Amino acid sequence: MPAKASRAAFGEALLELGAKDDRIVTVDADLSKSTMTTKFAKTYPDRAFNLGIAESNMVGIGAGLALAGRIPFVCSFACFVVGRFETIRMSVAYTNANVKIVGTHAGIAIGEDGYSQMGLEDIACIRALPNIPVIQPADELETRQAVAWAVEHQGPLYLRLTRQNLEPVCPPDYRFRPGRWLVLRPGNDVTLIGSGGTVFNCVEAARLLEADGISAEVVNAASIKPLDEELLLRSAGKTGHVVTVEDHSIQGGLGGAVAETLGEVLPTPLKRLGVQGFGESGDAKGLYAKHGLDPAGIAASIRKFLNR
């Protein structure tokens with residue numbers, strides 16, 4: 001498979017699934033070209049609703065459609081849709097409405113658009129709600145499977161997608177399951193956990209570390225809520241050191257969730273890599289390098305963490 005943005009894979013998967021299930025509808029806030037729901041809207045015009053720049057209304061209408069038996073995919077940039085947290089809290093979470101919230105353009109890797117368009121706090125917000133799973137696929141194959149699972153899943157969920165292309169990392173026979181992580185590379189010295197746009201960089205960092213005699217176990221954590229506690233504890237128990245890498249605020253995201261679990265069950269030295277402070281405008285590779293989320297930056301942080 002060539003590299004593909006998870007938002008593009010989402011749009012294609014939704015079109016295919018929509019042909020089989022007429023309950024699927026899309027609800028957009030004037031960004032359907034960016035969220036990749038345009039083809040769905042052209043194919044099924046009576047099942048696509050563009051509400052203009054009115055995200056709170058979009059979430060509310062999505063909840064109403066869900067409670068009336070439809071399966072709505074409510075789509076916008078991650079920062080805009082989760083920015084309507086109060087509406088999500090009351091209309092979707094509290095009613096347990098079967099709404100699929102889709103946040104595209106997650107993280108600093110959206111690049112030149114700058115902080116105002118970057119979803120950097122979205123996982124922290126949604127993770128605070130008791131009944132909304134958080135899923136962040138790492139490549140096209142995983143995205144397609146996560147979307148198919150979302151249709152079958154009864155209840156709300158949050159799907160976090162990228163603007164940038166993602167290199168394939170999952171094996172051809174991979175099957176997405178909520179609450180289950182995937183070991184991409186076994187190792188003994190450190191557990192390296194990535195999600196979404198940072199997973200491929202974690203794999204590349206492990207290759208750099210191997211040259212230094214450091215064996216990194218690389219884990220793809222597509223399911224941020226629920227975590228795969230069994231795999232986390234097993235790997236942490238084996239390696240004795242855990243590093244998380246995410247294109248999200250250092251607070252409240254994947255690293256925070258891992259820290260909470262380890263702190264309660266198996267206290268383990270932990271290094272969280274993520275975005276400190278606010279995002280800024282720049283090309284995606286340059287921003288990843290600045291924040292230490294590129295392969296060289298990840299490898300350097302691990303060497304320092306392990307005193308190697």
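Helices are DSSP runs of at least four residues, numbered from the N terminus. With that in hand, the salt bridges of this predicted model can be followed one pair at a time. Side chains of opposite charge can pair when their charged atoms come close. In this structure the count comes to 17 salt bridges.

A good place to start is helix 9. Here Glu-204 and Arg-207 form a salt bridge, with their closest N and O atoms 2.3 Å apart. The two residues sit three residues apart in helix 9, so about one helical turn separates them. Glu-204 is partly exposed, at a relative accessible area of 23%, and Arg-207 is also partly exposed, at 46%.

Helix 9 (residues 199-210) takes part in another pairing as well, this time through Glu-210. The side chain of Glu-210 meets that of Arg-185 in a salt bridge of 2.8 Å, N to O. This pair links distant parts of the chain, since Arg-185 lies in strand 9 (residues 182-185), 25 residues away from Glu-210. Arg-185 is buried because its relative accessible area, 19%, is under 20%. Glu-210, in contrast, is exposed, with a value of 51%.

A further helix-to-strand contact joins Lys-238 and Glu-217, whose side chains form a salt bridge of 2.6 Å, N to O. Lys-238 belongs to helix 10 (residues 229-239) and Glu-217 to strand 11 (residues 216-220), so that distant parts of the chain, 21 residues apart, are linked. Lys-238 is partly exposed at 43% relative accessibility, whereas Glu-217 is buried at 5%.

Finally, salt bridges also connect into a network, made up of Lys-4, Glu-12, Glu-16, Glu-140 and Arg-144.

Technical notes:
Residues numbered from 1 in each chain as written. Predicted model: local features only at pLDDT ≥ 70, side-chain atom pairs only at ≥ 80, totals over all residues. Heavy atoms only, no water. Salt bridge = Lys/Arg side-chain N within 4 Å of Asp/Glu carboxyl O. Buried < 20%, exposed > 50% of the residue type's maximum accessible area, 1.4 Å probe, protein only.
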